[in-house]
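Work through the exercises below with the sequence and the 3D structure open beside you. Try each task on your own before you read its solution.

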Amino acid sequence: MNCTPKFPSPRRNLAYTQEDFHFCHLLTKTRRRVGKSCSQDQTASQRLPCKMGSVSMATPVQELATDGQDPSERYNYGGSGGGALNASVPLVEIPTVDVGRLISSPSAANHELQKLSLALSSWGCFQVVNHGMTNSFVDRVHEISKQFFDLPKEEKHRYIREPDSIEGYGTDMIVAENQTLDWIDRLYLTLNPPNHVQLKFWPEKPETFREVLHEYSTKLQVLHDVMLKAMAKSLKLDESVFLRMIGEPVIMSARFNFYPPCPRPDQVLGLKPHSDGTVITFLLQDKEVEGLQVLKDGQWFRVPVIPDALVLNAGEHLEIMSNGEFKSPIHRAVVNSERKRISLAAPSIPHDGNEIEPVEGLVSEERPRLFRKMKYNGRTHLRYYQSGRRVVDDARI
Ligand code: OGA
Ligand code: NI
């Protein structure tokens, strides 16, 4: 196998920081004792469900969903966001941006840059089309995603996420006892830089998985550069200004999202409303099953599936760097009772310790600085999603 990174780095130190515990404490309003990790001699799959101090994991939803029973109370959002059935939510054409044009003659590129900037300042997202990946390649990406989740559970459990880690297969972290759970399983893998890749979590089945994902990752990194440069240019800034601030090489991961059908789609959410604590997120939606909804001016809209397009979501760090010119949209994923849905999100994040703040050219007397400087800390941000906390709110002046 010559296409996957060969030297995955040793496991990072997974100890929690003071800050994590402080935050958990705030979240649960109870002081919890830091528990011991699960006993070392258990296999990963025997450990489910398992608790580690304030963090625990649940049984993959796919395994719950097979018996056709109504979801337990733990998944019930009741009136607070569940019930997001498609019929009541209008479908909207979010803007498209054509990458071929972005990198072509200056006049065509200028028009496309304007579209891009308008899309990010109004919706915070757009559909990336003509991105250079062939339809048959994108199909292969869909195929490996589907084949992985179709594997027997024992096979998937070989890649189970450890309770205190983010990578691997399983449900999301449970950080509070009263946390409503999302109707989703994930496979989370670091893509770049190569020395952060933990190959032990990269499935060996289907056989093409690693090769296809590696190729997808290589292509996305190029696209990531093109997009961040275009974003800077569209704001009349030096094209590398965002890339410099987040740090190079780009840190990117893949989150395969699996939403099993649910007998009560009116009660659960695949993903609760959130904005991405990222720089940007590329999202390859399921080709056939819709489920992504975005909030604009207080109203939810369904995002249509454009086969082979990638949805690009502005992350909260892009909102901060652009001094609020670009918006990081609040979005959610809904599920349905008949069909499973699989999406593949590829978020990029700043380097740990990098300082993220509005870039110089976007702060002036007429445009006061909206956000203070934030030092990026990946481990802290992990918990933001579960608690409904937003980086932009913390950073706002
Ligand atoms: C995400 C996300 C939406 C979807 O992974 O952050 O918002 O449609 N996914 O799966
Ligand atoms: Ni998201």
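## Exercise 1: Two unusual backbone angles

At 13% relative accessibility, D308 counts as buried, because buried means under 20% relative accessible area. The model is a predicted one, and the tasks that follow refer to it.

Task: Find where D308 lies along the chain and describe its phi angle, then do likewise for N323.

Solution. Begin with D308, which is placed in the loop between β11 (299-302) and β12 (310-314). Although D308 is not a glycine, its phi is positive, at about 75°. Turn next to N323, which belongs to the loop between α9 (316-321) and β13 (331-333); this residue is not a glycine either, and yet it has a positive phi of about 50°. Finally, check the accessibility of N323: with a relative accessible area of 4%, N323 is buried.

## Exercise 2: Two cis peptide bonds

Task: Locate the cis peptide bond that leads to P193 and the cis peptide bond that leads to P249, and name the loop that holds each proline.

Solution. Start at N192, from which the peptide bond to P193 is cis, with omega near 0°; P193 itself lies in the loop between β6 (185-192) and α7 (209-234). Then move along to E248, where the bond to P249 is also cis, with omega near 0°, and P249 sits in the loop between α8 (241-246) and β7.

## Exercise 3: The nickel ion

Task: Which protein atoms are the donors of the nickel ion (ligand 2), and what spacing do the donors follow along the chain?

Solution. First list the protein donors, which are H274 through NE2, D276 through OD and H331 through NE2, lying 2.1 Å from the ion. Next read them along the chain, where they follow the spacing H-x1-D-x54-H. Lastly, consider accessibility: H274 and D276 are both buried.

## Exercise 4: The surroundings of ligand 1

Task: How many residues surround ligand 1, and which are the closest?

Solution. Count the shell first: 13 residues surround the ligand, and the closest are R255, Y259, H331, R341 and S343. Then look at oxygen atoms of ligand 1, since polar side-chain atoms lie 2.7 Å away in the case of R255, 2.8 Å away for R341 and 3.3 Å away for D276. Taken alone, ligand 1 exposes 290 Å², of which the protein buries 98%. The space that ligand 1 takes is the largest cavity. To finish, the elements giving two or more residues to the shell around ligand 1 are β7 (251-259), β8 (271-274) and β14 (341-349).

Key:
Residues numbered from 1 in each chain as written. Chains lettered and ligands numbered in written order. Predicted model: local features only at pLDDT ≥ 70, side-chain atom pairs only at ≥ 80, totals over all residues. Heavy atoms only, no water. Donors = N, O, S within 2.8 Å, 3.2 Å for Na, K, Ca; no water. Buried < 20%, exposed > 50% of the residue type's maximum accessible area, 1.4 Å probe, protein only. Near = heavy atom within 4 Å. Polar contact = N/O pair within 3.5 Å; in protein donor to acceptor, adjacent residues only side chain to side chain. Areas by Shrake-Rupley, 256 points an atom, 1.4 Å probe, with all protein chains shown as cover. 1 Å grid on protein atoms, 1.4 Å probe; cavity = no way out; pocket = protein on both sides within 12 Å on 5 of 7 lines; lining within 4 Å. Sits in = over half its atoms within 2 Å of the grid points. Helix = DSSP H or I, 4+ residues; strand = E, 2+ residues; numbered from the N terminus.
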